[in-house]
Amino acid sequence: SENPRFTSAPAPAGGQRPANYPDVVYWCGNNTVKAGLELPSYRACYRSLDGGLTWQFASVLASYPVPQHSRCGANGESFNAGDADYPEGAPDGSLYVEVTCGGATYLAHSTDEGATWPLVTGPGGSPVRVPADGELRVGATGALFLVYQPSSASIVLRVSADGGRTWGPA
């Protein structure tokens with residue numbers, strides 16, 4: 001796999017419990033037929049309930065040319081070796097991730113150990129959009145932190161205390 005990343009989180013409510021390890025461990029990575037070509041590719045995610053001794057397929061997080069998220073329409077999700085669109089574990093056992101497609105970046109939230117990645121909706125019912133070059137992190141209390149650089153002279157931090165539905169000022 002190209003550019004894999006790991007995260008971990010406690011088991012979510014109703015989820016399978018890890019054995020001999022405190023958290024569920026997640027691994028996601030890119031799979032491409034041949035790099036540099038416009039061929040089908042995808043970012044797959046796996047989970048481990050035993051600290052990484054064994055792995056189970058969880059889902060396809062993103063794919064090209066056919067998308068995993070209906071919001072992307074006929075466009076596949078955009079992902080590559082340098083993006084930051086990888087899951088981040090939260091203290092409640094859920095996972096957050098940025099999903100990029102069609103020139104927009106959205107926030108997704110999985111509450112089922114990475115099996116599905118529904119987009120977070122804001123107060124108006126539309127999917128929440130975040131800056132395309134953002135780096136997402138989840139704090140110890142579950143707050144979301146998004147850092148991005150709108151210009152070479154500034155770095156911006158925004159915080160969400162409600163699962164990404166709304167964000168505080170820059």
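How many bridges join E9 to E10, and in which direction do these strands run relative to one another? I would like to begin there, and I should say at once that what we are looking at is a predicted model. Six bridges join E9 to E10, and the two strands run antiparallel. They form a hairpin, with two residues between E9 and E10, and if you would like one position to look for, Leu146 stands opposite Arg158 in E10.

This hairpin belongs to an open sheet of three strands, whose order is E8-E9-E10 and whose pairing is antiparallel. Strand E8, residues 135-138, and strand E10, residues 154-160, stand at the edges with a single partner strand each, so one side of each is left without a neighbour in the sheet. On average, and ignoring direction, neighbouring strands of this sheet are turned by 25 degrees against each other. On the E8 side, four bridges join E8 to strand E9, residues 144-151, again in an antiparallel arrangement, and here Arg137 has Phe145 in E9 as its bridge partner.

Let me now turn to the aromatic rings, for which a search of the whole structure finds three pairs. In one of them, the rings of Phe6 and Trp55 have centres 6.3 Å apart and planes at 55 degrees, so this pair is tilted. The pair links distant parts of the chain, 49 residues apart, since Phe6 lies in strand E1, residues 2-9, whereas Trp55 lies in the loop between strand E3, residues 41-48, and strand E4, residues 56-64. Are these two residues buried or exposed? Phe6 is exposed, because its relative accessible area of 56% is over 50%, while Trp55, at 35% relative accessibility, counts as partly exposed.

A further pair is made by Trp27 and Tyr46, whose ring centres are 5.7 Å apart and whose planes stand at 55 degrees, so that this pair, too, is tilted. Here again distant parts of the chain are linked, with Trp27 in strand E2, residues 24-32, and Tyr46 in strand E3, 19 residues apart. Tyr46 is partly exposed, with a relative accessible area of 27%, and together with Trp27 and Phe57 it forms one aromatic cluster.

I will finish with a contact that involves a charge and a ring: the charged end of Arg43 sits over the ring of Tyr86, at 3.9 Å from the centre of that ring.

Terms used. Residues numbered from 1 in each chain as written. Predicted model: local features only at pLDDT ≥ 70, side-chain atom pairs only at ≥ 80, totals over all residues. Heavy atoms only, no water. Phe/Tyr/Trp six-rings, centres within 6.5 Å; stacked < 30°, edge-to-face > 60°. Buried < 20%, exposed > 50% of the residue type's maximum accessible area, 1.4 Å probe, protein only. Lys NZ or Arg CZ within 6 Å of the ring centre and 35° of its normal. Pairing = 2+ DSSP bridges. Axes fitted to C-alpha atoms, helices over the stretch in contact; angles between N-to-C directions.
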